[in-house]
Structure formats: structure tokens, C-alpha cells
Amino acid sequence: MNLIIFGPPGAGKGTQAGIMEAKHGLKQLSTGEMLRGEIASESDLGLKVKDILARGELVSDDIMIDMISRRIEQPDCEKGFILDGFPRTVAQADALDTMLSDKGKKIDHVLLLVVDEDALIERIRMRIAQSGENAREDDNEETLKKRLGVYNDQTKPILPYYRDKNLIREIDGMQAIEEISAQIAGILEK
Ligand code: AMP
């Protein structure tokens, strides 16, 4: 089974994808984590994208599509994967569709975490306060507002595409973490 976890920055996508990986044996593929790994190792790609991430903007579609296309070929994705942070533009969603059908695969569910934007800003404030020195470089209020704007302008327009395919499963992302993961488990077991 292959899933997309979808929602604005700070909605809890990474947390839920991590729980699903442990519970359902699906591989979590977080493009944000992959990019942060490249930055930490100071690879050519890392150097290229560092400032883009710090500004809260999007890395180019070509780079992201190539990254995911190669990643889902790996043996650890054989049982299924959870895309966390991808696709983020309509072009990425189109490319994903083509790449999956070429590989004889498909997306089974798009789990949409529905959250309140003001609450998100509060959540990110808490994440910054709790993470101290380990804080993500893009976890600050100014960048969050930028990332929310990018989500609304470039990422949300993907939703009608998956709605037409009847793949969207809406989940109230303001519930407690355990309630959200229980609801997701119910969807996956159907
Ligand atoms: P995330 O951890 O998913 O919030 O991603 C952190 C940052 O990585 C984003 O703000 C973007 O700069 C970049 N990024 C992650 N995934 C993508 C993607 N699919 N397309 C473009 N940029 C991305």
C-alpha cells in the first residue's frame, strides 16, 4: 500500500508517518528530511538547496521528482511507502502519477490532515521552544508564515486532482496524536 500524507507545515505529517511506519511496516519518505540530510552532509545538492529551505521556499520540481523516483526503487519501499512532503506542486503530482504507473504502482490513499492555521503557528512556537539548539533552521515564525503561504498557493491546488480520483481521506488534525493515528489505522484496515 502506498500513501500520501498531506497537510500544511506543522500539521503533524511527520509524526503520523513515523507512527504508520512502525505500526504498518510502510516506509516513511520525508523529502524535507532527505534535503536536511543533504544539507548536513554538505553535499553538492545540500549546498544548492540550503538557502531555499532557510527561506521556506520550494526546491525545484526537477530535483524533487528525481529524488523520489530513485528513492521508491529501493528495496525498503517494496512493501509500500508513505510520501511525507511530496508532492508539493501540481507538476510533482503529475510526475508522480506517471512515474508510478510506469513502475506498475499506485497511490491508495491521500490522508489529509485538516488543521487550523492559527493553531499551527502556536504548534510551531512550541516546537521551537522545545527543540532549543536542535531547532530546524526553518522553524521560526516568519519562515512558517512563508511556508503556509507556499502551501496555500502551490500545494493546496493539488487536492482537486486527488479528490477527482476519490483518494482523499480527511482527518481532523487537531485531535490528539493517538486519536489521529487510530483513525488512520481504521482507514488503512478497511
Ligand atoms: P518539510 O520538512 O516537509 O516541511 O520540508 C522542509 C522544506 O524542504 C520545505 O520548506 C521546502 O523548502 C523543502 N521541500 C521538502 N519537500 C519538498 C518538495 N516536495 N518540493 C519542494 N521543496 C520541498
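Modeller: Before the questions start, one term is needed: a residue counts as buried when its relative accessible area is under 20%, as exposed when that value is over 50%, and as partly exposed in between. The model discussed here is predicted.

Biologist: Which parts of the chain does the aromatic pair of Phe6 and Tyr151 tie together?

Modeller: A search of the whole structure finds 2 aromatic pairs, and one of them is the tilted pair of Phe6 and Tyr151, with 6.1 Å from centre to centre and 55° between the planes. The two residues are 145 residues apart in sequence and belong to separate elements, so the pair ties together strand S1 (residues 3–6) and helix H7 (residues 141–155).

Biologist: Are Phe6 and Tyr151 buried or exposed?

Modeller: Phe6 has a relative accessible area of 2%, and for Tyr151 the value is 7%. The cut-off for a buried residue is under 20%, so Phe6 and Tyr151 both count as buried.

Biologist: What kind of aromatic pair do Tyr161 and Tyr162 form?

Modeller: A pair of aromatic rings is described by the distance of the centres and the angle of the planes. For Tyr161 and Tyr162 the centres are 5.1 Å apart and the planes make an angle of 80°. Planes over 60 degrees apart give one class of pair, and the pair of Tyr161 and Tyr162 therefore counts as edge-to-face.

Biologist: Is Tyr162 buried or exposed?

Modeller: Its partner Tyr161, at a relative accessible area of 25%, is partly exposed. Tyr162, by contrast, has a relative accessibility of 3%, and a value under 20% is what the term introduced at the start requires, so Tyr162 counts as buried.

Biologist: How much of the ligand's accessible area does the protein cover?

Modeller: The polar contacts are a good place to begin: a polar backbone atom of Glu57 is 2.5 Å from an oxygen atom of the ligand, and a polar side-chain atom of Gln92 lies 3.0 Å from one of the ligand's nitrogen atoms. In addition, an N or O atom in the side chain of Arg147 is 3.1 Å from an oxygen atom of the ligand. Of the 480 Å² of accessible area that the ligand has on its own, the protein covers 97%.

Biologist: Which helix gives the largest share of the shell around the ligand?

Modeller: There are 16 residues around the ligand, and those that come nearest are Thr31, Glu57, Gly85, Arg88 and Gln92. By class, the shell is made of 6 nonpolar, 4 polar and 6 charged residues. Its largest share, 4 residues, comes from the helix that spans residues 31–40, helix H2.

Biologist: Which backbone oxygen lies 3.2 Å from a polar side-chain atom of Gln16?

Modeller: Gln16 is part of helix H1 (residues 13–24) and, at 2% relative accessibility, counts as buried. Leaving out residues up to four places away in sequence, Gln16 touches Ile5, Ile177, Ile180, Ser181 and Ile184, and its C-alpha atom is separated by 8.7 Å from that of Ile184, which lies 168 residues away along the chain. The backbone oxygen at 3.2 Å from a polar atom of the Gln16 side chain is that of Ile177.

Biologist: How far apart in space are the C-alpha atoms of Glu21 and Ile82?

Modeller: Glu21 is also placed in helix H1, and with a relative accessibility of 28% it counts as partly exposed. Apart from neighbours within four places in sequence, Glu21 is in contact with Leu26, Lys27, Gln28 and Ile82. Although Glu21 and Ile82 are 61 residues apart in sequence, their C-alpha to C-alpha distance is 7.9 Å.

Biologist: Where does the cis peptide bond from Phe86 to Pro87 place Pro87, in terms of the elements around it?

Modeller: Most peptide bonds are trans. The bond from Phe86 to Pro87 is cis, with omega near -5°, and Pro87 is found in the loop between S3 and H5.

Biologist: What is the phi of Asn166?

Modeller: Most residues other than glycine have a negative phi. Asn166, which counts as exposed at 59% relative accessibility, is placed in the loop between helix H8 (159–164) and strand S5 (168–172). Its phi is positive, near 60°.

Key. Residues numbered from 1 in each chain as written. Predicted model: local features only at pLDDT ≥ 70, side-chain atom pairs only at ≥ 80, totals over all residues. Heavy atoms only, no water. Near = heavy atom within 4 Å. Polar contact = N/O pair within 3.5 Å; in protein donor to acceptor, adjacent residues only side chain to side chain. Areas by Shrake-Rupley, 256 points an atom, 1.4 Å probe, with all protein chains shown as cover. Nonpolar A, V, L, I, M, F, W, Y, C, P; charged D, E, K, R; others polar. Phe/Tyr/Trp six-rings, centres within 6.5 Å; stacked < 30°, edge-to-face > 60°. Buried < 20%, exposed > 50% of the residue type's maximum accessible area, 1.4 Å probe, protein only. Contact = heavy atoms within 4.5 Å.
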